[in-house]
Amino acid sequence: MTSKRTKLQEDTHFRVLRLLQENPEMSQRELAEAVGVSVGGIHYVLNALIDKGLVKLGNFTATEDKRRYAYILTAKGIVRKAALTRAFLARKMEEYEALREEIEELSKESEDLERRIAD
């Protein structure tokens with residue numbers, strides 16, 4: 001069974017890889033805001049993704065500030081993102097089914113209570 005921490009880490013990696021694939025020139029601050037973590041946290045995540053060979057640094061060519069980087073997904077990163085996408089989708093479908101069942105149960109309970117009150 002996957003721990004909550006591992007799931008959270010996978011979700012964060014998935015979200016970061018997804019955002020970077022769409023816009024590799026996002027700043028760490030923009031990524032942090034979009035993912036909902038601190039700038040320090042996103043720095044840690046980016047370094048982990050770079051260390052794993054999933055992301056590489058490129059120069060941000062559209063600005064005069066050459067200190068900015070583009071975070072480019074590697075081929076390995078694209079493969080990993082696809083696997084994380086499948087896992088994320090499966091997890092969300094399980095959550096959806098559990099929530100749907102809970103809603104059905106609560107609706108039945110609510111209807112039963114309303115009938116009892118009306119009687």
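**Entry 1: the core**

I started with the largest nonpolar core, which holds 19 residues. Val16, Leu20, Leu31, Leu49 and Val55 have the most contacts inside this core. I then looked up which elements give two or more residues to this core: α1, α2 (28-35), α3 (39-51), β2 and α4. Helix α1 gives the most, with 5 residues. I note that this is a predicted model.

For background, nonpolar side chains in soluble globular proteins tend to be buried together.

I picked Val55 for a contact list. Leaving aside neighbours within four places in sequence, Val55 touches Leu17, Leu20, Leu49, Ile50, Tyr71, Ile72, Leu73 and Thr74. Two of these contacts, Leu20 and Leu49, are also on the list of residues with the most contacts inside the core.

**Entry 2: helix α4**

Next I checked the geometry of α4, which runs over residues 75-118. At 1.5 Å a residue, its 44 residues should span 64 Å. I find the end C-alpha atoms 64 Å apart, so the span agrees with expectation.

Which residues of α4 are buried? I get Gly77, Lys81, Leu84, Phe88 and Arg91. The buried residues of α4 pack against α1 and β2 (69-73). Both of those elements also appear among the contributors to the core, as does α4 itself.

**Entry 3: the aromatic pair**

I searched for aromatic pairs, and the count comes to 1. The pair is Phe14 with Phe88, and the rings are stacked. Their centres are 4.6 Å apart, with 25° between the planes. The planes are under 30 degrees apart, and therefore the pair counts as stacked. Phe14 sits in helix α1 (residues 4-22) and Phe88 in helix α4, so the pair ties together parts that are 74 residues apart in sequence.

Are these two rings buried or exposed? Phe14 is buried, at 5% relative accessibility. Phe88 is buried too, with a relative accessible area of 14%.

**Entry 4: Arg91**

I moved along α4 to Arg91. This residue is buried, with a relative accessible area of 12%. The cut-off for buried is under 20%, so Arg91 falls inside it.

What does Arg91 touch, leaving aside its neighbours within four places in sequence? I list Lys7, Glu10 and Asp11. Glu10, Asp11 and Arg91 are linked in a network of salt bridges. As a reminder, side chains of opposite charge can pair when their charged atoms come close.

I also looked up Lys7, which lies in helix α1. Lys7 is partly exposed, at 27% relative accessibility, whereas its contact partner Arg91 is buried.

**Entry 5: salt bridges within α4**

I count 8 salt bridges in the structure. I followed up some of those in α4.

Arg100 meets Glu97 in a salt bridge at 2.7 Å, N to O. Glu97 and Arg100 are 3 residues apart in α4, about one turn of the helix. Arg100 also meets Glu104, at 2.6 Å, N to O. Glu104 and Arg100 are 4 residues apart in α4, again about one turn.

I then looked up accessibility for these three residues. Glu97 is partly exposed, with a relative accessible area of 30%. Arg100 is partly exposed at 32% relative accessibility. Glu104 is partly exposed as well, with 38%.

Further along the helix, the side chains of Glu111 and Arg115 meet in a salt bridge at 3.8 Å, N to O. The salt-bridge cut-off is 4 Å, so this pair is counted. Both residues lie in α4, 4 residues apart, about one turn of the helix. Glu111 is partly exposed at 42% relative accessibility. Arg115 is partly exposed at 49%. Exposed would need over 50%, and so Arg115 stays in the partly exposed class.

**Entry 6: one distance**

Last, I took the separation of Lys7 and Arg100. Their C-alpha atoms are 21 Å apart, with their positions 93 residues apart along the chain. Lys7 is in α1 and Arg100 is in α4.

Notes
Residues numbered from 1 in each chain as written. Predicted model: local features only at pLDDT ≥ 70, side-chain atom pairs only at ≥ 80, totals over all residues. Heavy atoms only, no water. Buried < 20%, exposed > 50% of the residue type's maximum accessible area, 1.4 Å probe, protein only. Contact = heavy atoms within 4.5 Å. Phe/Tyr/Trp six-rings, centres within 6.5 Å; stacked < 30°, edge-to-face > 60°. Expected span 1.5 Å × (residues − 1). Core = buried A, V, L, I, M, F, W, Y, C linked by side-chain atoms within 4.5 Å.
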